[in-house]
Amino acid sequence: MCLSKYCPMCLEVYNMGLFPFRKKKQTPEERAEMLYTEGMTLITNGYWDSAFNSISKAAQLGHRGAMGQLAMMYIFGQGCEPDCDRGIDLLRKSVELGNLFSCYAFSVLWDHNVEGITAEEAKSMCEAAANAGMPEAIERLNKGFDTKE
């Protein structure tokens, strides 16, 4: 047996995935998850500049967690030059994709006086996260949005 993927005799065995050297092609979702995990590991270890590339690629593939993380990186200038407008736009896109942490992040950003975040928006986003059962959002919502923490 020649083990060539072009040999008609070996093609059936090759296509069954019985050879460890044959890598399965990743779906965009799998690739995004891998890049996000890689980026978060780099962040955990303090390598923000390296993490930016992985997180950015995962966000481009539509990973909602990566999009939210990238938003915060832009807002606070971690691993990249600060770009608050771009960060807030990404955060809103992450919310549209259903990221509860991004919803809650609006209240955190409002508490930190980030420009472009209103009390009304922070409250409505926090309500969405609280209604989904996020404990931090419930606690923050109970404190109100008349004053900042």
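**Notebook: a buried glutamine, the core, and a helix pair**

I started with Gln 69, which sits in helix H4. The model is predicted, and I read it as such.

I asked whether Gln 69 is buried or exposed. Its relative accessibility is 18%. The cut-off for buried is under 20%, so Gln 69 counts as buried. Next I listed its contacts, leaving aside neighbours within four places in sequence. Gln 69 touches Met 40, Ile 43, Trp 48 and Ile 55.

Then I turned to the largest nonpolar core. It holds 36 residues. Leu 70, Leu 91, Leu 109 and Ile 117 have the most contacts inside it. I checked which helices feed this core: H2 (28–44), H3 (48–60), H4 (64–76), H5 (84–96), H6 (100–111) and H7 (119–131) each supply at least two residues. H4 gives the most, with eight residues.

I followed Ile 117 further. Beyond its neighbours within four places in sequence, Ile 117 contacts Ile 88, Phe 106, Leu 109, Trp 110 and Ala 122.

Last, I looked up H6 against H8, the helix at residues 135–143. How do their axes cross? They come within 10 Å and cross at roughly 45 degrees. The two helices are therefore oblique to each other. I noted the crossing of H6 and H8 as left-handed. On the H6 side I found Tyr 104, Ser 107, Trp 110 and Asp 111. They meet Glu 136, Ala 137 and Arg 140 in H8. I sorted the residues of this contact by type: three nonpolar, one polar and three charged.

Trp 110 came up twice: in the contacts of Ile 117, and in the contact of H6 with H8.

Methods: Residues numbered from 1 in each chain as written. Predicted model: local features only at pLDDT ≥ 70, side-chain atom pairs only at ≥ 80, totals over all residues. Heavy atoms only, no water. Core = buried A, V, L, I, M, F, W, Y, C linked by side-chain atoms within 4.5 Å. Buried < 20%, exposed > 50% of the residue type's maximum accessible area, 1.4 Å probe, protein only. Helix = DSSP H or I, 4+ residues; strand = E, 2+ residues; numbered from the N terminus. Contact = heavy atoms within 4.5 Å. Axes fitted to C-alpha atoms, helices over the stretch in contact; angles between N-to-C directions. Parallel < 35°, antiparallel > 145°, perpendicular 65-115°, else oblique. Left-handed = near helix turned anticlockwise from the far one by under 90°. Nonpolar A, V, L, I, M, F, W, Y, C, P; charged D, E, K, R; others polar.
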